[in-house]
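This report describes selected features of the structure shown below, going from charged pairs to nonpolar cores, buried sites and the surface.

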Amino acid sequence: MSAKLGETLLRENLITPQQLKDALDYQRSNGGRLGSTLVKLDILSDEQITAVLSRQYGVPSVNLDLFEVDETAIKLIQQDVAKKYMVLPLSRVGPTLTLAMVDPTNVLAIDDIKFMTGLQVEPVIVSEFALADAIERYYGMTRELELAKFLDEMSSSVSSSAEPAQQSKSNGYDNLGFSLDDQDLELLQETEEIDLENVERMAEDAPVVKLVNVILVDALRRGASDIHVEPYEKEFRIRFRLDGILYNIMTPPLKMRDALTSRMKIMAKLDIAEKRLPQDGRIKIRVRLDGRGRELDFRVSTLPTIFGEKIVLRLLDKEKLQLDMTKLGFEEFSLERFKRNINKPYGMVLVTGPTGSGKTSTLYSALQALNTPETNIITAEDPVEFNLSGINQVQMKEQIGLNFAAALRSFLRQDPNIVLVGEIRDFETAEIAVKAALTGHLVLSTLHTNDAPSTISRLMNMGIEPFLVATSVNLIQAQRLVRRICKDCKAEIKLPKEALVDVGFSAAEVAELKVFKGSGCTACNGTGYKGRVGLYEVMEITDELRELILVGASALELRKKAIEEGMLTLRASGLEKIRLGTTTIEEIVRETVK
């Protein structure tokens, strides 16, 4: 199709041979259709491409902005099918379905839709960008209406005791665009069943089970990292954390609060009767999506609030775990330092940052690089987030006395080469970790500090002697996560030079600097961001820094010396990401200080 389109455009003198060559080069590097590539490169407009394709295939073209789509036709094809084939049902007249398509020669798509709907298909051609917007607009609208109807029906179902199971068959759930049946999601049990019949009966009502399934699967589809289930005095809301930012997703009826939280606690094998104390558990599910089965883990934490239990579920998706250090966002110089120090035979490497800054991913990627048959690696984690083959992982259990310090003591009798301690929280853990680092073991761990130099002060405040810190620590790395600019709607913007200088760029650099931002599209849910990238401040403990630590230098002095030796600060790492067009100034200012 691409070659034919290119030949047609050249023949009609709409593009030059050089423009075609540039577009084909871009297409080879980035994928996609030739038509959409020409639009992205501002060589042709959407309307010009659609008109050419219409003449080429002898198929009428439609402007979706001016066409009134029949909502009953939308329901004939599910959202995942529409996205898969890039089609949109426009209207149905008798046995004929008018179908908007980007590629009307896609016989497979036409045959599949004929089979699904039992109708004859009449294709019309539309532009790729307009179709993507229309799919999101119409299916999003349909889904919101169906979800509202679904919640209303569940509300009346939960408040009524009459035949809740029968009501589930007609609750409109199948029209939410998920195509998720009862048999598509299977709870993987790990412990014995809880026998609390009265509490379970309410939580096992079919509408409640369906809603929980919707929430879990929708979180996966949207790429959420966390689900927040929050009860308030007059509201019950559910929020998802997407790329580090929380978004309101739905507000189920308040009367569903107890049933929904109980259902989640049953799935996580928690004590349903205990509503006064925090609890932690895990949900393992197998879900069938887009024709394939996937196993997912959710880490569950409950917290009693004045209006009921708040539940936070963290989605642990193995497919999203990035174990390749070169793809985490390290600057080349910083990555070289980090690799050099994790490959030392002994000493301590510390990764610092707040919750949700990617510390676990960094440490797991380091372990994966060090994981060989000749190496004995043991980890103490709370909790164990992902299972890594070939690594001995131990789950902490404070209630029986298995904490980081106790685990670390026993590790040293297990002939380890590398030890990972989930977090250094107290003097006892810090002391044992330092001794392990000084006796021929490589120790990896995390702390909660704002930057790399202040970690030294933190260890000393815990009670570790300066000479022990200076001799045991090889490297300290502080990190943050910032949102990436969406590739689909990325565009250059103009900013005042004063603002760029204020962020940290030099006056000379500002004249040549190009700054980008996402304008918002369907791919990024209108946010302008999709995915995240790390900022890294890597402080290697050199002989000069060791001397400063021994004399009790402040974090400010250590920072100054580390920068002299080439350390990139978090802000400097952020400025580099702006130069590369990876993120925005707003993200860097939100996460770092000068």
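## Salt bridges within helices

Because Asp543 and Arg546 are three residues apart in helix H21, about one helical turn separates them. In this predicted model, the two residues form a salt bridge in which the closest N and O atoms are 3.9 Å apart, and Asp543, at 55% relative accessibility, counts as exposed. An α-helix has 3.6 residues a turn, so residues three or four places apart point the same way. Side chains of opposite charge can pair when their charged atoms come close.

Two further helices hold a pair of this kind. In helix H22, Lys561 and Glu564 are likewise three residues apart, and therefore separated by about one helical turn; their salt bridge has its closest N and O atoms 3.7 Å apart. Lys561 is partly exposed, at 25% relative accessibility, whereas Glu564, with a relative accessible area of 55%, is exposed. Beyond such pairs, Glu230, Arg237, Arg239 and Lys310 are joined into one network by salt bridges that share partners. In helix H16, Glu431 and Lys435 are four residues apart, so that about one helical turn lies between them, and their side chains meet in a salt bridge with an N to O distance of 3.7 Å. Glu431 is partly exposed, its relative accessible area being 29%. The structure as a whole holds 33 salt bridges.

## Nonpolar cores

The largest nonpolar core comprises 53 residues, and Met348 and Met539 are those with the most contacts inside it. Helix H16, which spans residues 427–438, gives the most to this core, contributing six residues. Another core, of 36 residues, lies apart from it and includes Phe240, Ile249, Ala259 and Leu260.

When residues up to four places away in sequence are not counted, Met539 touches Ala452, Pro453, Ile456, Leu475, Ile476, Leu545, Ala562 and Met567. Two of these partners, Pro453 and Ile456, belong to helix H17 (residues 453–462), where Thr455, Leu459 and Met462 are buried along with them. Just after H17, Gly463 takes a positive phi of about 115°.

## A buried threonine and the cysteines

Thr352 lies in strand S11, which covers residues 347–352, and it counts as buried because its relative accessibility is 0%. Leaving out residues up to four places away in sequence, the contacts of Thr352 are with Lys359, Leu447, Thr449, Asp451, Thr455, Ile476, Gln477, Ala478 and Gln479. Ile476 is thus a contact of both Thr352 and Met539, and Thr455, also touched by Thr352, is one of the buried residues of helix H17.

How many disulfides does the structure contain? With a disulfide taken as a pair of cysteine sulfur atoms within 2.5 Å, the count comes to zero. Cys486 is in no disulfide, since the nearest cysteine sulfur, that of Cys521, is 3.7 Å away and the cut-off is 2.5 Å. The sulfur of Cys524 also has Cys521 as its closest cysteine partner, again at 3.7 Å, which is too far for a bond. Cys486 is buried, with a relative accessible area of 1%, and Cys524 is buried too, with 3%.

## A loop contact between strands

Phe307 is found in the loop between strand S9 (292–305) and strand S10 (308–316), and with a relative accessible area of 29% it is partly exposed. Setting aside neighbours within four places in sequence, Phe307 is in contact with Pro231, Tyr232, Glu233 and Arg257. Although Phe307 and Pro231 are 76 residues apart along the chain, their C-alpha atoms are separated by 5.9 Å.

## A nonpolar patch on the surface

Phe467, Leu550 and Val551 form a nonpolar patch on the surface, and together they have about 330 Å² of accessible area. Phe467 lies in helix H18 (residues 466–472) and counts as partly exposed, at 49% relative accessibility. Val551 lies in the loop between helix H21 (543–550) and helix H22 (555–564), and at 67% relative accessibility it counts as exposed.

The patch therefore draws on residues that are distant in sequence, and a related pair gives a spacing for this region: Phe467 and Gly552 are 85 residues apart in sequence and 9.6 Å apart in space, C-alpha to C-alpha.

Technical notes. Residues numbered from 1 in each chain as written. Predicted model: local features only at pLDDT ≥ 70, side-chain atom pairs only at ≥ 80, totals over all residues. Heavy atoms only, no water. Patch = residues over 30% accessible without salt bridge, like charges linked within 9 Å, V, L, I, M, F, W, Y side chains within 5 Å. Areas by Shrake-Rupley, 256 points an atom, 1.4 Å probe, with all protein chains shown as cover. Salt bridge = Lys/Arg side-chain N within 4 Å of Asp/Glu carboxyl O. Helix = DSSP H or I, 4+ residues; strand = E, 2+ residues; numbered from the N terminus. Buried < 20%, exposed > 50% of the residue type's maximum accessible area, 1.4 Å probe, protein only. Core = buried A, V, L, I, M, F, W, Y, C linked by side-chain atoms within 4.5 Å. Contact = heavy atoms within 4.5 Å.
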